[in-house]
Amino acid sequence: MTQQAMKSGNILAAIAALTVLLFGGWSGAVIGWLLGAAAGLMACQGKKIPSPKTGIRLGSNAGLALGIWILIASLIQGLVLFPATGQSSLGVIQGLLFGGVGLVVATFAGWLMGALQGLGSKRQQATRAFLAVILITFPLIDQIARTNWTATVIQILIFALLALGLNIVVGYAGLLDLGYAAFFAIGAYTTGFLSSPQINLEWNFWLVIWIAAAVAALAGVILGAPTLRLRGDYLAIVTLGFGEIVPVVFRNLTQIQIYEPISRIFASLLGRPELAICLVGCDRPFNLTGGEAGINPIGRPTLPLIGTFQSGQYLPWYYLILLLVVFSVLMIGRLRDSRLGRAWSAIREDELAASAMGINLVQTKLLAFAMGATFSGFAGAFYGAYISAIFPSVFDFSVSVIVLCMVILGGLGNMTGVLLGCTIIMAADRLYLPQLAQVLKSILNTLVLPNVANPALRDFLATSIDPIQMRLFLFGLTLVVMMIVRPEGLVPNAERQAELRSPDEESLAEVRSQ
Amino acid sequence: MKRWQNAILYLVVIYLILLLGPVAGLDLPRIFGEIARSPASLVQQLLVGIVNGAIIAIIALGYTLVYGIIELINFAHGDLFMLGSFMSLTVVGAFGVGDGASPAASLLAVLSALLLSASLCAGLNVLTERYAYRPLRNASRLAPLISAIGVSFIFINLGLFWGGLRSFFPIMGANAASPKSFPDLLPRVDVLQALGIEANIAFTTKDLIVLVVAVVLMVGLHLFVQYTRLGKAMRATAQNREAAKIMGINVNQIIALTFLIGGALAGAAGLLVGLYNNTVVFTMGFTVGLRAFTAAVLGGIGNIIGAMLGGVLIGVLSALSDQYLSSRWTNAWVFAILVVILVFRPGGLLGENVQEKV
């Protein structure tokens, strides 16, 4: 156990150091605050903490160790990396200041978390309360420290909703869905139709978000119904097919003109085409989805005291999506423990046995699709309103795979794991890779390129070394490596782990398919 | 009573298709009108579809071989084919042959491209099998499928990277992600005119060469699988891996061989697509790959003849859809076919329907 804690502690330290190296400035303090609490929690994980004192010792030690790494990284950043990229040296004093504050904050966070772990029976509630405080105060701290991470965190939370929803379908019910982005698209486009000038409906966001979720759930049932009889990999392909069809449909519903067919046939037989009864798009073809250009603008939510949410002000958006995610976590937790949730895990383990036990397979599977789609409907509605514009290209296959990647990385069927996987992947994709690209670019431009004589090599270095262009590679590698090394994910669900690791799974599968 | 209900149901479905079909290009009166006006263009599209379908069939064979032997939907196969076409483009670029180069130079370039592209894809496929799929052979069925999706992403990214290497391969053009033009190396002599047939249909030596190469590859594969010792070992492994092992077949080697053959076919298809369509792009592995997979499923996955039949059918259907429905909707129609087949006849046209039993 201690070894495990050491290992996770090292990973946290590496993340913190990397953050400081890439972002510099006060990022050390922010990451120290977040990861210090995590380190404190991990140090106390699985141990009996008799009194707050023990917890404080463990927690502040972990926080301090993390803080030292932040300090070292801060000094390297200020003294070596910063000047290397052409900026003037920050000097020892500033490096010490940034790093020192990071160290203090990390230690304090670890101390606080440790102290809370020693509260005995109230341990869990206290931890949750602390977590809530961290989440609620995050945008304020972010603003004070000028790290500008709130926009990214909003994106992370949108994908967290998607990952939570997909986790119901894949993790709980065991139905591999490769077209999950379709429901995201349906939620977003529903919002687009109902609250934009596109078809002259400008309904209130607070109503539309529920309609979007309901429409997505309905789509889940409609698309799920034909797949009910299919086995695992065929199911995956059919959902993939749907996932491809939906964006094509949204992309192409730009010139709709519908005639009543019987009247049209008679009209053409009589040679008088004007007799055909026109139903939709009579004067000019009706543009439903805006094609490649998408739907723009989409109405934003309004609240009494705050007024309409503005695009540059992240605070209201952050709290809204945070609320949605927390609500979803609570709801999915209840669902998982309900009769329905247990029926899901039963059909995941063995469909035939489950059906013999009286579980209605059709109903249970359709509900899994519907519930999974509901949460991506929420995510889609929020996304549409937040970006205020939607395009069909946002909802392609890679989104489905990235969300699947999150679920698998974190741990199929485990919400903590899924949220963790989502945070890791989105933070890497939206925060660290772009920043890494920028840092690499400035290092290349100032240090490497002037010293390269060969023009072809120069051109290659200037154009092809781009971490952002490697994101698909990294996702793919994550999937492949995870499947080999740790197929059950970072935070596994116990049952799922046994299932994926079981050596005679193959014989089991064979027995099932014969 | 039941009969009436069914009849009414069919009528409703037909009415709905007539009502909503035109939105997605399926406007039957207009289509029949166009066909009646120029039957030649129907024949033309059939020919285009058959040639394209032959290429799709070669890729579909890769899916079907792998599925037949280890029941894995090798998601990365389409992207492997894309890498093959990038390899071909690179080789052709290295030979410096452009549009209208001399036949000898073109032939040399094309043959080298075929060799290198097939070897690259075969090698990559074997490596993938060794390091990504073999460790998962005893895991649950979904693990290798997810792994294959991962490999597919890695390949797509490799293609993007390769396409950006303009400093080493000028033929890649300025932009990494944009479609690259593939030199037109095949002669374009009108076959019908040479035979003395007067028709408003273009069928050139280019189409003929692609078709012949594809057919030769398919027939060769069929003969190999049916009549050689290794082919027999492949079929035995596909039928029952354990029993094959007991009979002294080195199952791992046979599976690697299957990936080798599938990869080589993908490489050849990559070259053919480049030569035939004269454009390659790093995303085509996904779209063409899904079409090929649809073809494999349509014919009955695991069935070699089925994959060929399915490939030609999908090629013809998409050519017809491009011409008569709308090219924007072709992908949706192809996937709709995929969904309908999987739902109503998962065994495909030539496969048997396997019922799940306890």
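# Exercises on helix packing and the chain A–chain B contact

**Exercise 1.** In this predicted model, determine how helix α7 (residues 181-194) of chain A and helix α9 (residues 232-252) of chain A are oriented towards each other, and which residues form their contact.

*Solution.* Step 1: the axes of α7(A) and α9(A) approach within 8 Å and cross at roughly 30 degrees. Step 2: angles under 35 degrees count as roughly parallel, and α7(A) and α9(A) are therefore roughly parallel to each other. Step 3: α7(A) contributes Ala181(A), Ala182(A), Ala185(A), Ile186(A) and Tyr189(A) to the contact, while α9(A) contributes Phe242(A), Gly243(A), Val246(A), Pro247(A) and Phe250(A). Step 4: by class, these residues comprise 9 nonpolar, 1 polar and no charged.

**Exercise 2.** Carry out the corresponding analysis for helix α11 (residues 314-337) and helix α14 (residues 361-387) of chain A.

*Solution.* Step 1: the two helices pack with their axes 12 Å apart, at an angle of about 180 degrees. Step 2: an angle over 145 degrees counts as roughly antiparallel, so α11(A) is roughly antiparallel to α14(A). Step 3: from α11(A), Trp317(A), Leu320(A), Ile321(A), Leu324(A), Ser328(A) and Leu335(A) meet Met371(A), Phe375(A), Phe378(A), Phe382(A) and Tyr386(A) of α14(A). Step 4: the contact has 10 nonpolar residues, 1 polar residue and no charged residues.

**Exercise 3.** Assess whether the overall dimensions of chain A agree with or depart from those of a compact globule.

*Solution.* Step 1: chain A contains 20 helices and 6 strands. Step 2: for 514 residues, a compact globule would have a radius of gyration near 24 Å, and the 26 Å of chain A agrees with this. Step 3: along the principal axes, the C-alpha atoms of chain A fill a box of roughly 90 × 60 × 55 Å. Step 4: 47% of the 514 residues of chain A count as buried. Step 5: of the contacts in chain A between residues at least 6 apart in sequence, 76% join residues at least 24 apart.

**Exercise 4.** Describe the side of chain A that touches chain B, and identify the helix that gives the most to it.

*Solution.* Step 1: the contact involves 50 residues of chain A and 48 residues of chain B. Step 2: the helices of chain A that each supply at least two residues are α9, α10 (261-270), α15 (397-410), α17 (455-464), α18 (471-485), α19 (494-501) and α20 (505-513). Step 3: α9(A) gives the most, with 13 residues. Step 4: the chain A side divides into 34 nonpolar, 10 polar and 6 charged residues.

**Exercise 5.** Examine the span and burial of helices α6 (residues 142-163) and α8 (residues 205-227) of chain B.

*Solution.* Step 1: α6(B) has 22 residues and reaches 32 Å from its first C-alpha to its last, close to the expected 32 Å. Step 2: because 20 of its 22 residues are buried, α6(B) is largely enclosed by the rest of the structure. Step 3: α8(B) has 23 residues and reaches 32 Å, close to the expected 33 Å. Step 4: the buried residues of α8(B) include Val210(B), Val213(B), Ala214(B), Leu217(B) and Leu221(B). Step 5: the buried residues of α8(B) pack against α3 (39-70), α9 (229-239), α11 (251-277) and α13 (304-326) of chain B.

**Exercise 6.** Characterise the surroundings of Val191(B).

*Solution.* Step 1: Val191(B) belongs to helix α7 (residues 191-194) of chain B. Step 2: Val191(B) has 16 C-beta neighbours inside 10 Å and therefore counts as partly exposed. Step 3: leaving aside residues up to four places away in sequence, Val191(B) touches Phe203(B), Thr204(B), Thr205(B) and Leu208(B). Step 4: Leu208(B) lies 17 residues from Val191(B) along the chain, and their C-alpha atoms are separated by 8.2 Å.

Note on methods: Residues numbered from 1 in each chain as written. Chains lettered and ligands numbered in written order. Predicted model: local features only at pLDDT ≥ 70, side-chain atom pairs only at ≥ 80, totals over all residues. Axes fitted to C-alpha atoms, helices over the stretch in contact; angles between N-to-C directions. Helix = DSSP H or I, 4+ residues; strand = E, 2+ residues; numbered from the N terminus. Parallel < 35°, antiparallel > 145°, perpendicular 65-115°, else oblique. Contact = placed C-beta atoms within 7 Å. Nonpolar A, V, L, I, M, F, W, Y, C, P; charged D, E, K, R; others polar. Rg over C-alpha atoms; globule rule 2.2 N^0.38 Å. Buried ≥ 20, exposed ≤ 12 C-beta atoms within 10 Å, placed from the backbone. Expected span 1.5 Å × (residues − 1).
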